[in-house]
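Student: I have just opened this structure and would like a guided tour. Can we go through it step by step?
Tutor: Gladly. Ask one thing at a time.

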Amino acid sequence: MIRLPPHAAGAIRRLEAAGFETWAVGGCVRDSLRGAVPHDWDLCTAAQPDEMQTIFAGERMLATGLQHGTLTLLTSGGPLEITTFRADVGCSDGRHPDAVRFVGSVEDDLRRRDFTIGAMAWHPERGLCDPFGGLDDLETGVLRAVGEPDVRFAEDGLRILRAVRFAAALGFSVEPATAAAMRRQLARLDCVSPERVRDELTRTICGRFALRALMEFADVIGYALPELKPMFGCAQQNPHHLYDVWEHTIRALGQVPGDAALRWAMLLHDCGKPACKTVDENGVGHFYGHPKVSCEIAGHLLSRLRFSRADAARILLLVEQHDCPLGETDKLMRRQLSRIGEARLRDLLAVKKGDTIGRGTCPEDVAKLFRAEQRLNQVLAAEACFSLRHLAVNGNDMLALGLSGSAVGQMLHALLNAVIEDQAENTRPALLSLARAKMEDRHE
C-alpha cells in the first residue's frame, strides 16, 4: 500500500474529477514500494497539455515542458510533474526523443521507460499497474530493461550509466541480457553531456554498493572515464599491496564517507600509477612520483567533466597530498593545519585511512592514522595557534610599530611561523618583542 502525499493525491482527484485517468508513476512508486521516502512525485495522465492548464488555471505552474506533454505544478508540498500519457518517437541524437506522441493508456506510457522497477504506476483506488513485472524484479533485486534492451539504450545512452548507478545504490544485479546490451551500446555514451556523465558517476561512486558495481562494470566506467583504463589489471608487485591498482582503488573508495569530493579523490588518487610504474631487480614494483602524475591526469578529467573550481580544487589537493606524511608531533600537526586548514586536513586523514585500508596489508599503519587523528583533536582542543586569526597580534599592531603595505602581512606570517615552530609564545608582549627584533635585524 502506497500512501500518496496530499499534494499528489489532490492533483489526481482534480484531474480525474475532470474525466482524465491519472496515476503516480516512476521513481516515486519504486521508492515507496521499497520503503524509501521519494524525493519527488510524478504523475501521468490522459489529460493533454491544454486540458491540464485549464484544470489548474489559477495555480502556479511551469510550462517549460509542455512541448513534451509535461506541466510542473508548484504546490505547497513541492513541485509536481504531470505528463500526458505518451510514447517517444525517434532519437536521432542518442539522448532525447525527436518527438512525442500522446497515447491512450498508462500501459502504453510505461512501455517507453528504461527499467522495469521504474515502469510501475500507482492509483489510490486501482492500486498497482505493473505490466512488465517490476515488483518481482524489485523484490528479487534485479535490474531489467523494459522490452528490448538494445532499443532502450540506443534511445538514451545515459541509461547505461543509470543502470550502473542503480546497481551501486541499491545493490541490484543487472539481468544478463540487459548487461550485455549495455556493453554493446557503449558508444551511445558519446551522446551524453559531460555534466550528466559527472552527475551519474558521482551518484554511482557514492552508492552503498559502489565496490561491487565498479568491479562488475569496470569496462563501462573505463569507457566513460578513459583516463582510468590503464589502472585495470595493473599489478602492483609490492608487499604493501594485495590488489592491482583498480581493485585497490575501489576498495579504498569504499572506506571513505559518502561525500562526493572524498569519493572522487579516492577514485583518482592512484590514476597516475600505471604511467609511473617501474620494477626493480628483485621484481618489486615502485611508483615514484605518482601523486603528481595522478594530480595532472585528475585535473584534465575534472575539467573535461566540468567540475566547479571549488570542487576540483578540493579533490586535486587530496589527490596530490594523499601520499604525504601527516607528521608525528604537535608541531608538525600545527604546520599541516596552517598549510591546509582543519577541514582539508580531516579530508586528508579520511583519504589516507581509505588508501591504507584498501591495500589489504599493514594494519599498524591504520593505527598510526588513528593516532594522528587523536593528535589533531588534542591540538585543536588546546586552542593551538596555527592561523593568523589565532595570533595574539594583528595588522593594527604592526602598523603601530611602523610597518606598512605588504610588510605587515609578511611580519604577521613570520610571527605565526615562529609560534608554530615553538620559537615564540603566542602572547602579545612576546610577539611584539619578536617583531621589533626582526625589524632591527633588517636595518642593521
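Student: How many bridges join strand β1 to strand β2, and do they run parallel or antiparallel?
Tutor: Keep in mind that this is a predicted model. Strand β1 covers residues 22–25, and strand β2 covers residues 41–45. One bridge pairs Ala-24 with Leu-43 of β2. In total, three bridges join the two strands, and they run antiparallel.

Student: What is the order of the strands in the open sheet?
Tutor: Strands of a sheet pair through backbone hydrogen bonds, parallel or antiparallel. Here the pairing is mixed, and seven strands take part. The order is β3-β4-β5-β2-β1-β8-β9.

Student: Which strands stand at the edges of that sheet?
Tutor: Look for strands with a single partner. One side of such a strand is left without a neighbour in the sheet, because no second partner strand is there. The two are β3 (61–62) and β9 (127–129).

Student: How many helices and strands are there in the whole protein?
Tutor: The sheet just described holds seven strands. The protein as a whole has 13 strands, and its helices number 21.

Student: What is the radius of gyration, set against that of a compact globule?
Tutor: Start with the box filled by the C-alpha atoms, roughly 95 × 65 × 40 Å along the principal axes. A compact globule of 444 residues would have a radius near 22 Å. The protein has 29 Å.

Student: What percentage of the residues is buried?
Tutor: Buried means under 20% relative accessible area. The accessible surface of the protein comes to about 20,700 Å², with 50% of it belonging to carbon and sulfur atoms. Of the 444 residues, the buried ones make up 51%.

Student: Which helix gives the most to the largest nonpolar core?
Tutor: That core has 100 residues. Among those with the most contacts inside it are Ile-82, Trp-246 and Ile-315. The top contributor gives nine residues and spans 158–170: helix α7.

Student: How many residues are in the other core?
Tutor: This core lies apart from the largest one. Its members include Ala-407, Leu-412, Leu-415 and Ala-418. The count is 19 residues.

Student: Which residue of strand β2 that pairs with Ala-24 also touches Ile-82?
Tutor: Leave out residues up to four places away in sequence. Ile-82 then touches a list that includes Ala-11, Phe-56, Leu-73 and Leu-43. The bridge partner of Ala-24 in β2 is Leu-43.

Student: How many residues of helix α12 are buried?
Tutor: Helix α12 has nine residues, 245–253, and is mostly covered. The buried ones include Trp-246, His-248 and Leu-253. Their cover includes α9, α13 and α17. The number buried is seven.

Student: Which residue's side-chain oxygen reaches the backbone nitrogen of Trp-246?
Tutor: Look at the start of α12. The oxygen comes to within 3.1 Å of that nitrogen. It belongs to Asp-244.

Student: Is Arg-152 buried or exposed?
Tutor: Arg-152 is found in helix α6. Its side chain makes a polar contact with the side chain of Glu-155, at 2.8 Å. Residues touching Arg-152 include Arg-111, Asp-114 and Arg-159. Its relative accessibility is 10%, so Arg-152 counts as buried.

Student: What separates the C-alpha atoms of Met-439 and Met-411?
Tutor: Met-439 sits in helix α21. It is buried, with a relative accessible area of 15%. Beyond its sequence neighbours within four places, Met-439 is in contact with Leu-401, Leu-403 and Met-411. Met-439 and Met-411 are 28 residues apart along the chain, and their C-alpha atoms are separated by 9.0 Å.

Student: Is Asp-422 buried or exposed?
Tutor: Asp-422 lies in the loop between α20 and α21. Its phi is near 60 degrees, a positive value in a residue other than glycine. At 54% relative accessibility, Asp-422 counts as exposed.

Student: Where does Arg-306 lie?
Tutor: Arg-306 has a positive phi of about 60 degrees, although it is not a glycine. Its relative accessibility is 48%, so it counts as partly exposed. Arg-306 lies in the loop between α15 (290–304) and α16 (309–321).

Technical notes
Residues numbered from 1 in each chain as written. Predicted model: local features only at pLDDT ≥ 70, side-chain atom pairs only at ≥ 80, totals over all residues. Heavy atoms only, no water. Helix = DSSP H or I, 4+ residues; strand = E, 2+ residues; numbered from the N terminus. Buried < 20%, exposed > 50% of the residue type's maximum accessible area, 1.4 Å probe, protein only. Contact = heavy atoms within 4.5 Å. Polar contact = N/O pair within 3.5 Å; in protein donor to acceptor, adjacent residues only side chain to side chain. Pairing = 2+ DSSP bridges. Core = buried A, V, L, I, M, F, W, Y, C linked by side-chain atoms within 4.5 Å. Rg over C-alpha atoms; globule rule 2.2 N^0.38 Å. Areas by Shrake-Rupley, 256 points an atom, 1.4 Å probe, with all protein chains shown as cover.
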